[in-house]
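Reader: I have a model open and some labels to check. Please take me through the reasoning behind them.

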Amino acid sequence: MAHHEPAPHHDPKHGRRLPAVLEDPLLNKDTAFTEEERESLGLDGLIPPVVESLHEQAARAYEQYRRQPSDLAKNIFLAGLQDRNEVLFYRVLSDHLRELLPIVYDPTIAQVIENYSREYRRPRGVYLSIDDVDGIERAFRNFGLGEGDVDLIVASDAEQILGIGDWGLGGGAGIAAGKLAVYTAAAGIDPARVVPVALDVGTDNEALLNDPFYVGERHARVRGARYDAFIEAYVSAATRLFPHALLHWEDFGPSNARRILERYTDRIPTFNDDMQGTGAIVLAALLGAIRVTGERMREQRIVVFGAGTAGIGIADQLRDAMRRDGLDEEEAVRRVWAVDKQGLLTLDVGGLRDFQRPYARPSSEVEGWDRDEGGGIGLAEVVARVQPTVLLGTSTVRGAFTEDVVRSMKTERPIVFPLSNPTERMEARPEDLLAWTGGHALVATGVPFEPISCGGVRHVIGQANNALLYPGVGLGVVVSRARRVSDGMLQAAAEAVAGMVDVSAPGASLLPEVENLRVVSATVAVAVARRAAEEGLARAELGNPVQQVQDAMWQPRYRPASGGSRERR
Ligand SMILES: NC(=O)C1=CN([C@@H]2O[C@H](COP(=O)(O)OP(=O)(O)OC[C@H]3O[C@@H](n4cnc5c(N)ncnc54)[C@H](O)[C@@H]3O)[C@@H](O)[C@H]2O)C=CC1
Ligand SMILES: CC(=O)C(=O)O
Ligand SMILES: [Mg+2]
């Protein structure tokens with residue numbers, strides 16, 4: 001190579017280096033660089049001579065994708081594409097959203113996370129360690145974005161990834177990147193203005209601790225004061241460096257999830273997706289379901305199976321919805337029965353968590369109810385006694401909603417949402433729920449399903465996954481520059497989603513279809529931004545929110561290249 005002219009950014013001390021635009025996935029266009037760009041950027045002879053359109057590149061990439069032998073391989077292929085060329089990655093993802101979302105996100109993301117260290121190829125985002133609290137600010141600075149350059153940060157400590165438990169560093173890195181890919185595909189959040197953050201506090205997962213390939217800190221999870229100090233250091237560095245950013249929390253353990261949200265929700269724009277995003281999307285699905293049954297929100301009797309982060313997050317939002325429909329706080333709380341490992345939560349069961357306590361029932365209410373060997377009141381007994389109209393699953397217990405349990409709901413149109421992810425954690429499969437109820441169950445699930453035929457009706461299964469909601473919330477916050485994420489903004493998001501659904505045809509989905517995700521997200525964003533303004537929380541002027549949301553949405557298309565600068569946009 002010594003006899004060649006040096007490449008534009010050649011530094012002899014460091015050997016040969018490709019021009020920066022080919023190495024930066026946010027700038028790279030590969031065969032789509034025009035003749036003029038190739039000349040001005042010093043790319044002549046470094047790319048095959050053909051000049052292709054994004055459309056042509058996307059067709060090739062999709063062919064390559066289709067040839068991958070497994071879902072995990074497909075995800076790894078797409079991650080490689082994202083690392084080379086983000087515009088092309090998002091073009092392919094957007095063009096085939098329904099097919100690719102389950103590969104980039106739920107359910108395949110669970111496998112990606114379980115295999116993170118073994119399949120590790122290159123870094124993405126910022127890795128923060130509890131063993132180097134002083135390095136937090138440096139890590140963010142090294143990422144290369146300045147004040148005003150960041151709209152959104154997704155952080156996870158991976159204690160409760162989906163329903164698969166503690167996955168340490170790879171869990172945090174994997175879920176943060178996956179959630180952000182959905183933000184961009186669904187709501188056009190600019191991929192140059194986001195940061196995925198893995199908060200590595202150790203792991204209690206023995207398989208990881210003993211895996212020679214594990215890339216995280218090799219010690220047990222740190223808890224208590226040191227944990228809180230680490231979270232505080234993360235929040236203060238992030239808000240100091242990126243004062244406009246929305247801080248999104250994902251897949252924390254139940255006690256930390258709630259404690260962290262409560263600590264910061266009145267101080268900064270922040271939200272917990274598992275508690276609030278899930279609560280709002282389930283509210284949206286339930287609003288659809290009661291339009292079918294013709295009942296009111298305040299009339300529902302709701303059994304929540306799995307009273308953790310998601311379960312109680314949902315309960316809180318449904319309680320608030322019943323209050324808005326005329327019940328007082330006490331009456332609304334009394335229409336929710338929470339069941340966890342101990343069985344029905346009553347005031348006398350051991351191990352009640354703070355956030356479960358409001359839903360725990362007085363013991364006098366359950367006198368004479370059947371108890372199992374351990375003394376608890378199991379789901380079957382609760383359902384038989386309560387005769388709920390709504391049964392929600394956030395337990396991670398596969399198959400917990402048996403035929404007997406569902407039949408004993410005895411209501412004509414049982415509303416049953418097995419929400420646990422990934423697929424092998426679902427409380428019931430939708431085809432079974434429909435078969436057991438002669439097609440009468442109103443079903444929505446956390447993972448996607450193809451439509452199901454039952455009794456001559458084609459049932460479209462709504463995906464009650466927070467992915468249908470949080471991207472629009474994030475976009476609404478970004479556009480309005482909201483100071484906080486309020487309950488009113490989440491309510492507005494839920495109602496906006498519900499308002500997009502027509503449930504009049506038999507078998508209709510209770511939620512909008514994934515193909516329409518960009519429309520859903522834009523609609524949610526407008527509703528969220530408007531509510532932020534009404535509540536005095538918007539820092540941006542909102543003259544025309546519809547247009548402002550549209551203008552803010554990043555599109556996967558190439559922009560004219562502007563020299564070979566390594567500056568991120
Ligand atoms: N569809 C969606 O958008 C979302 C779904 N989820 C799913 O919900 C599930 C739970 O997630 P998190 O709430 O974050 O976890 P979590 O750990 O906070 O909650 C799970 C709860 O289920 C309880 N549980 C475990 N085994 C049980 C049993 N045999 N009987 C009764 N209860 C039992 C646990 O004690 C815990 O309270 C996961 O599968 C997750 O993927 C979570 C967030 C969003
Ligand atoms: C969807 C989601 O956030 C979860 O399962 O944790
Ligand atoms: Mg989650």
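Reader: What makes D30 count as buried, exposed or partly exposed?
Author: This is a predicted model, so the count comes from predicted positions. D30 has 16 C-beta neighbours inside 10 Å. Buried takes 20 or more, and exposed takes 12 or fewer. The value 16 falls in between, so D30 counts as partly exposed.

Reader: Where is D30, and what is its phi?
Author: D30 is in the loop between α1 (20-23) and α2 (35-41). Its phi is positive, about 55°, although D30 is not a glycine.

Reader: A158 has a positive phi too. Why is A158 called buried?
Author: A158 has 32 C-beta neighbours inside 10 Å. The cut-off for buried is 20 or more, so A158 counts as buried. A158 sits in the loop between β2 (152-156) and α9 (168-187). Its phi is about 60°, and A158 is not a glycine.

Reader: Which residues does UniProt mark as "binding site"?
Author: The unreviewed UniProt entry places that feature at E250, D251 and D274. They are spread over 25 residues of sequence, yet they cluster in space. The largest C-alpha distance is 6.7 Å.

Reader: How do you know whether E250 and D274 are buried or exposed?
Author: By the count again. E250 has 28 other C-beta atoms within 10 Å. D274 has 27. Buried needs 20 or more, so both E250 and D274 are buried. E250 lies in the loop between β4 (246-249) and α12 (254-264), whereas D274 lies in helix α13 (residues 273-293).

Reader: Which residues are in contact with D274, leaving aside its neighbours within four places in sequence?
Author: E250, D251, A257, T309, A310 and G313. For E250, the contacts beyond four places include K179, D273 and D274.

Reader: Why are α21 and α22 called oblique?
Author: Helix α21 (residues 517-534) and helix α22 (residues 545-552) pack at about 125°. Roughly perpendicular covers 65 to 115 degrees, and roughly antiparallel starts over 145. The angle fits neither class, nor roughly parallel, which is under 35. The two helices are therefore oblique to each other. Their axes are 9 Å apart, and the crossing is right-handed.

Reader: What makes the contact of α21 with α22, by residue class?
Author: The residues divide into 7 nonpolar, 1 polar and 1 charged. Among them are A522 and V526 of α21, and V546 and V549 of α22.

Key
Residues numbered from 1 in each chain as written. Chains lettered and ligands numbered in written order. Predicted model: local features only at pLDDT ≥ 70, side-chain atom pairs only at ≥ 80, totals over all residues. Axes fitted to C-alpha atoms, helices over the stretch in contact; angles between N-to-C directions. Helix = DSSP H or I, 4+ residues; strand = E, 2+ residues; numbered from the N terminus. Left-handed = near helix turned anticlockwise from the far one by under 90°. Contact = placed C-beta atoms within 7 Å. Nonpolar A, V, L, I, M, F, W, Y, C, P; charged D, E, K, R; others polar. UniProt positions renumbered as here; feature names shortened; annotations may be inferred.
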